Amino acid sequence: MAAFDPSTVKAISLDVTGTILVHKDPIMRTYAEAAVWAKLPNPPTEAELKPAFKKAYFEHLTKSPCFGHAEGLSSRQWWVRTVRTALENTGRTEYTEREFERFFRRVYQHYGSLEGYQKLDDSFPFLDWAKSKGITLGVTTNTPVRTMETVLPMNGFHDYFKWFTCSQDVGAEKPEPAIFQRALEEAQFWVPGIQKHEILHIGDSLEADLCGARAFGFQSMLLDRSDNPRVTVYQDWLEAPDYDGKSEADILASTVKNLGEISAKF
């Protein structure tokens, strides 16, 4: 399959973080500032938190995949466990429940506010273009439910999209086929009869977005956001599935630097 055939595209699926928005500040800087704000004794530094958080994030996404889907955890409950482990990984095991809750609430409020995010410059022009062309838009992302229900509406994105498929809802994450299957079913509700190859998926992860979507049967494009220091690879342990025609040349042909490059190909 070629990088994509614009003449056949009836719907576009988009990732969220790193694709249409980013965290405004480095995440561990936000955590460190929250620790100082909450007056935690011996507050952990940004440098201490970076490896501690990465280890905790991997541990809890492995132990309770898809933000606790199988256990029925809320987004908040999953993050409480993960953040508590991150602090413990820095050697801070002495915080009282009240101290931890004061700190955690500050962090959670931050990412439930506009202060937590920055919209990428090419996102709204691309969405407006797709809407003007009558292309149905949806979200397919490895995020908790809160991203769908709070972050996207708060940042003005939700009215552009018809479907919202996230890993916590589905219990599967990109590049697994099950999450793309759910996205296909959602797209078929809005565009009856649409086939896999008529959906273009776009995201900033080679493994999850380009290869995962292509292996499922979607068309796909990779957004190379490496020039943006605010774009972070969170799940660097994911493995890229194979797909028909996979090669370095195909990956290169399927890679763009911004969303405008994609709309220009139509």
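Buried means under 20% relative accessible area, and exposed means over 50%. The exercises below use this cut-off on a predicted model.

**Exercise 1. The pair Phe180 and Phe218**

Task: Classify the ring pair of Phe180 and Phe218, locate both residues, and decide whether each is buried or exposed.

Solution.
Step 1. The ring centres of Phe180 and Phe218 are 5.8 Å apart, and their planes stand at 85 degrees. Planes over 60 degrees apart count as edge-to-face, so the pair of Phe180 and Phe218 is edge-to-face.
Step 2. Phe180 belongs to helix α9, while Phe218 sits in the loop between α10 (206–216) and β7; the pair links distant parts of the chain, 38 residues apart.
Step 3. Phe218 has a relative accessible area of 0% and is therefore buried. Phe180, at 0% relative accessibility, is buried as well.

**Exercise 2. The pair Phe67 and Trp79**

Task: Classify the aromatic pair of Phe67 and Trp79, and describe the setting of its two residues.

Solution.
Step 1. The whole structure holds 24 aromatic pairs. In the pair of Phe67 and Trp79, the distance is 6.2 Å centre to centre and the angle between the planes is 40 degrees, which makes the pair tilted.
Step 2. Phe67 is in helix α3 (residues 65–68) and Trp79 in helix α4 (residues 75–89), 12 residues apart.
Step 3. Phe67 counts as buried because its relative accessibility is 3%. Trp79 has a relative accessible area of 18%, so Trp79 is buried too.
Step 4. Both residues belong to one aromatic cluster, whose members include Tyr31, Phe53, Phe100 and Trp237.
Step 5. The backbone of Phe67 has a positive phi of about 60 degrees, although Phe67 is not a glycine.

**Exercise 3. Charges over rings**

Task: Which rings have Arg84 and Lys131 over their faces, and at what distance from the ring centre?

Solution.
Step 1. Arg84 is placed over the face of Phe100, 4.1 Å from the ring centre.
Step 2. Lys131 is placed over the face of Tyr160, 5.7 Å from the ring centre.

**Exercise 4. The open sheet**

Task: Give the strand order of the sheet, find its edges, and describe the helices that pack on it.

Solution.
Step 1. The open sheet is formed by six strands with parallel pairing, in the order β5-β4-β1-β6-β7-β8.
Step 2. β5 (163–166) and β8 (255–256) are the edge strands, since each pairs on one side only.
Step 3. Inside the order, β6 (residues 199–203) pairs with β7 (residues 219–223) in the parallel sense over four bridges. Opposite Ile202 stands Met221 in β7.
Step 4. Helix α9 (residues 177–190) packs on the sheet and touches β4, β5 and β6; the direction of α9 makes about 170 degrees with that of β5.
Step 5. Helix α6 (residues 123–132) lies across β1 (11–14), β4 and β6, and runs at about 160 degrees to β1.

**Exercise 5. Cysteines**

Task: How many disulfides does the structure have, and how far from Cys166 and Cys211 is the nearest cysteine sulfur?

Solution.
Step 1. A disulfide is a covalent bond between the sulfur atoms of two cysteines. The cut-off for the pair of sulfur atoms is within 2.5 Å.
Step 2. The count of disulfides is zero.
Step 3. For Cys166 the nearest cysteine sulfur is that of Cys66, 9.1 Å away, and Cys166 is in no disulfide. Cys166 has a relative accessible area of 0% and is therefore buried.
Step 4. For Cys211 the nearest cysteine sulfur is again that of Cys66, 19 Å away, and Cys211 is in no disulfide. Cys211 is also buried, with a relative accessible area of 0%.

**Exercise 6. Three loop residues**

Task: Locate Thr143, Pro175 and Lys39, and give what is known of each.

Solution.
Step 1. Thr143 is in the loop between β4 (136–141) and α7 (145–154). The relative accessibility of Thr143 is 7%, so Thr143 counts as buried. Beyond residues up to four places away in sequence, Thr143 touches Phe67, Met148, Cys166, Ser167 and Gln168.
Step 2. Pro175 is in the loop between α8 (167–170) and α9. The peptide bond that joins Lys174 and Pro175 is cis, with omega about 15 degrees.
Step 3. Lys39 is in the loop between α1 (27–37) and α2 (46–63). Its phi is positive, near 60 degrees, in a residue other than glycine. With a relative accessible area of 72%, Lys39 is exposed.

Key:
Residues are numbered from 1 along each chain as its sequence is written. This is a predicted model: local features need pLDDT of at least 70, side-chain atom pairs count only at pLDDT 80 or more; totals for chains, interfaces and linings use all residues. Side-chain values use heavy atoms; hydrogens and water are left out. Buried means under 20% relative accessible area, exposed over 50%, partly exposed in between (1.4 Å probe, protein chains only). Contact means heavy atoms within 4.5 Å. Two strands pair if DSSP finds at least two bridges between them. Axes are lines fitted to C-alpha atoms, for helices over the stretch in contact, and angles run from 0 to 180 degrees between N-to-C directions. Rings of Phe, Tyr and Trp (its six-membered ring) pair if their centres lie within 6.5 Å; planes under 30 degrees apart count as stacked, over 60 as edge-to-face and the rest as tilted. A charge sits over a ring if NZ of Lys or CZ of Arg is within 6 Å of the ring centre and within 35 degrees of the ring normal.
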